[in-house]
Amino acid sequence: MSSSDRVIIFDTTLRDGEQSPGASMTKEEKLRIAKALERMRVDVIEAGFAIASPGDFDAVKSIADTIQDSTICSLARALDADIERAAEALAGANSGRIHTFIATSPIHMQHKLRMQPDQVVEQAVRAIKKARNLCADVEFSCEDAGRSEIDFLCRIVEAAIDAGARTINIPDTVGYAIPHEYANLISELINRVPNADKAIFSVHCHNDLGLAVANSLAAVVAGARQVECTINGLGERAGNAALEEIVMAIKTRQDLLGVHTNIDTPHILSVSRMVSGITGFPVQPNKAIVGANAFAHESGIHQDGVLKHRETYEIMAAEDVGWHANKMVMGKHSGRSAFRSRLLELGIELASETELNAAFARFKDLADKKHEIFDEDLQALVSETLSEETPEMYKLVSLEVASKTGEVPHAHLVLSIDGKEVAADEQGSGPVDAAFKAIEKVAQSGATLQLYSVNAITQGTDSQGEVTVRLERGGRIVNGNGADTDIVIASAKAYLNALNLMQASTAKAHPQVDGV
Ligand SMILES: CC(=O)SCCNC(=O)CCNC(=O)[C@H](O)C(C)(C)COP(=O)(O)OP(=O)(O)OC[C@H]1O[C@@H](n2cnc3c(N)ncnc32)[C@H](O)[C@@H]1OP(=O)(O)O
Ligand SMILES: CC(C)C(=O)C(=O)O
Ligand SMILES: [Mg+2]
């Protein structure tokens with residue numbers, strides 16, 4: 001591909017991104033992000049607005065002094081003081097750019113700048129010439145271009161190029177444009193401005209209508225060759241076009257768009273996480289490319305399809321943007337294919353289809369109670385299935401516990417012992433103690449409790465509790481396990497599992513430790 005097919009990626013996370021209320025970053029944090037952007041091969045990093053504050057000046061300066069491979073840019077109003085401050089901050093840059101701007105829409109010129117259009121053109125030209133005297137690389141933006149009149153835009157863009165701007169940015173500052181309208185604006189400018197071939201046309205879209213990425217891509221089709229964007233779509237109000245979405249759309253739909261970028265895409269996820277961590281702006285799970293669910297599949301039909309041929313439900317490879325692999329989320333919509341495949345990955349091979357079906361049925365029961373089933377849940381669940389081979393003399397029919405501040409906990413339990421149902425009530429120092437006493441009241445095993453341990457198998461309050469109960473009788477020790485989202489039930493299951501193991505081993509006159 002020729003260089004005219006390359007789209008320059010201009011990242012403004014550190015300038016427009018930082019304009020998100022609450023996203024201010026320290027100099028050190030900005031420098032960390034700039035280094036990550038450089039590693040990802042971002043072409044231009046807008047490091048800040050040097051005149052905004054001494055801190056912003058220092059940040060732009062330290063990034064300009066450090067980064068070697070990306071062009072470092074500072075924003076400046078069309079004012080001498082802003083341009084001088086930007087040039088000062090960029091003095092140490094290997095490749096620096098001054099980005100100067102002035103608003104061109106009637107509403108901004110009249111109400112904000114309080115200037116006539118002729119004055120705006122004159123001020124823009126003056127600023128660009130001043131910037132060109134201090135820096136070879138000058139970008140000019142027509143702020144609020146999306147709401148500007150086309151004839152006036154053509155006039156100011158031509159004057160800006162004549163004055164020495166080599167990048168002309170046409171921002172949709174307030175996110176008002178619709179893709180085909182914005183594409184027409186870009187192609188009309190490229191066709192009508194006589195010296196358009198001396199500049200690269202750039203776009204900078206805001207997401208007020210959720211169209212920032214769509215508008216940017218439409219502009220690329222119309223001939224724009226620089227896209228201004230931010231990591232995670234951070235930015236003023238609803239944000240800017242998300243870098244990761246622009247880059248991956250260009251890469252994935254190269255067949256249609258016919259352009260490419262220089263971005264080393266496997267860095268995308270780590271940079272996204274870094275920006276989210278530093279700003280404290282979380283990434284929503286369903287966010288394209290970098291959201292936790294972007295490459296996750298929970299539905300059985302999708303999981304089955306992906307396991308057979310990844311492209312059935314994936315248009316990009318997870319690894320291409322930095323994920324280790326796609327993720328099969330085990331949950332209530334999952335099917336046997338994904339269940340079997342995940343067990344095999346965990347090194348668990350069930351002996352028969354019957355065992356698999358039994359484990360799968362338990363899995364579906366658990367999935368109805370719990371949003372996501374983790375690997376540890378599966379391991380516990382399968383070990384329950386396997387230990388089902390132990391003949392079960394004692395079975396839990398029901399358990400009810402009452403626990404209230406200032407009252408003694410109470411358990412009402414119904415057990416099936418060799419098929420016969422027996423009920424018992426007991427009190428205890430806690431609900432688990434009451435449940436164990438109720439079990440012993442009917443089982444009368446004579447065993448003593450040697451160990452009781454509870455583990456939350458996974459994180460979250462909806463996690464399964466896995467309980468181990470160790471019982472000893474006549475020198476024989478058994479470990480019973482039970483898992484449930486209710487830890488009192490898990491405890492009773494573990495106690496009964498231990499009793500059943502004890503019973504089975506007594507029957508075989510087995511002298512050793514049984515159980516897991
Ligand atoms: C679309 C964008 O994202 S533009 C960038 C927005 N980012 C920021 O504003 C963040 C950094 N800004 C700041 O720190 C401050 O606003 C500063 C330091 C730049 C200026 O602060 P102040 O001098 O106190 O001015 P204040 O912010 O109140 O008003 C802006 C002034 O700049 C003028 N102005 C706005 N844009 C431009 C421009 N491109 N060129 C020249 N003047 C401009 C306004 O008309 C206004 O002038 P006035 O005070 O004579 O009415
Ligand atoms: C300064 C310019 C490029 C801007 O951020 C905008 O118009 O949104
Ligand atoms: Mg902006």
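This note comments, point by point, on selected features of a predicted model.

1. Strands β3 and β4. Strand β3, residues 71–77, runs parallel to β4, and six bridges join the two. One of the pairings sets cysteine 73 opposite arginine 97, its bridge partner in β4. Burial of β4 is complete by count, with eight of its eight residues buried. Gly96, Ile98, Thr100 and Ile102 point one way from the strand, while Arg97, His99, Phe101 and Ala103 point the other way.

2. The surroundings of ligand 1. The shell around ligand 1 holds 15 residues, of which Phe49, Ala52, Arg77, Ala78 and Ile102 come nearest. Two elements, β4 (96–103) and α4 (106–113), give two or more residues each to this shell. By class, the shell comprises eight nonpolar, two polar and five charged residues. Ile102, one of the nearest residues, is also among the buried residues of β4.

3. Strands β5 and β6. These strands run parallel and are joined by three bridges. Phenylalanine 140 has isoleucine 168 of β6 as its bridge partner. In β6, six of six residues are buried. Thr167, Asn169 and Pro171 are directed one way from this strand, and Ile168, Ile170 and Asp172 the other way.

4. The surroundings of ligand 2. Ligand 2 is surrounded by Asp16, Leu75, Phe101, Ser141, Glu143, Asn169, Pro171, Thr173, His204 and His206. At least two residues of this shell come from each of β5 (138–143) and β6 (167–172). The shell divides into three nonpolar, five polar and two charged residues. Asn169 and Pro171, both in the shell, point the one way from β6 together with Thr167. Phe101 of the shell is a buried residue of β4.

5. Alanine 136. This residue is placed in the loop between α5 (117–134) and β5. Alanine 136 is classed as partly exposed because 13 other C-beta atoms lie within 10 Å. Along the chain, alanine 136 and glycine 22 are 114 residues apart, and their C-alpha atoms are separated by 34 Å.

6. The contact of α1 with α2. Two packed helices are described by the angle and the distance between their axes. For helix α1 (residues 27–39) and helix α2 (residues 54–66), the axes come within 9 Å and cross at roughly 35°. The crossing is right-handed. On the α1 side, the contact is made by Lys27, Lys30, Leu31 and Ala34; on the α2 side, by Gly55, Asp58, Ala59, Ser62, Ile63 and Thr66. Four of the contact residues are nonpolar, three are polar and three are charged.

7. The sheet of β11, β12 and β13. These three strands form an open sheet in the order β11-β12-β13, and their pairing is antiparallel. Its edge strands, β11 (394–402) and β13 (420–427), each pair on one side only. From one strand to the next, the twist averages 15°. Eight bridges connect β11 with strand β12 (residues 410–417) in the antiparallel sense; in one of them, lysine 395 has serine 416 of β12 as its partner.

8. Helix α16 and the sheet. Helix α16, residues 431–443, lies across β11, β12 and β13. Relative to β12, the helix runs at about 40°.

Technical notes. Residues numbered from 1 in each chain as written. Chains lettered and ligands numbered in written order. Predicted model: local features only at pLDDT ≥ 70, side-chain atom pairs only at ≥ 80, totals over all residues. Axes fitted to C-alpha atoms, helices over the stretch in contact; angles between N-to-C directions. Helix = DSSP H or I, 4+ residues; strand = E, 2+ residues; numbered from the N terminus. Left-handed = near helix turned anticlockwise from the far one by under 90°. Contact = placed C-beta atoms within 7 Å. Nonpolar A, V, L, I, M, F, W, Y, C, P; charged D, E, K, R; others polar. Near = placed C-beta within 6 Å. Pairing = 2+ DSSP bridges. Buried ≥ 20, exposed ≤ 12 C-beta atoms within 10 Å, placed from the backbone.
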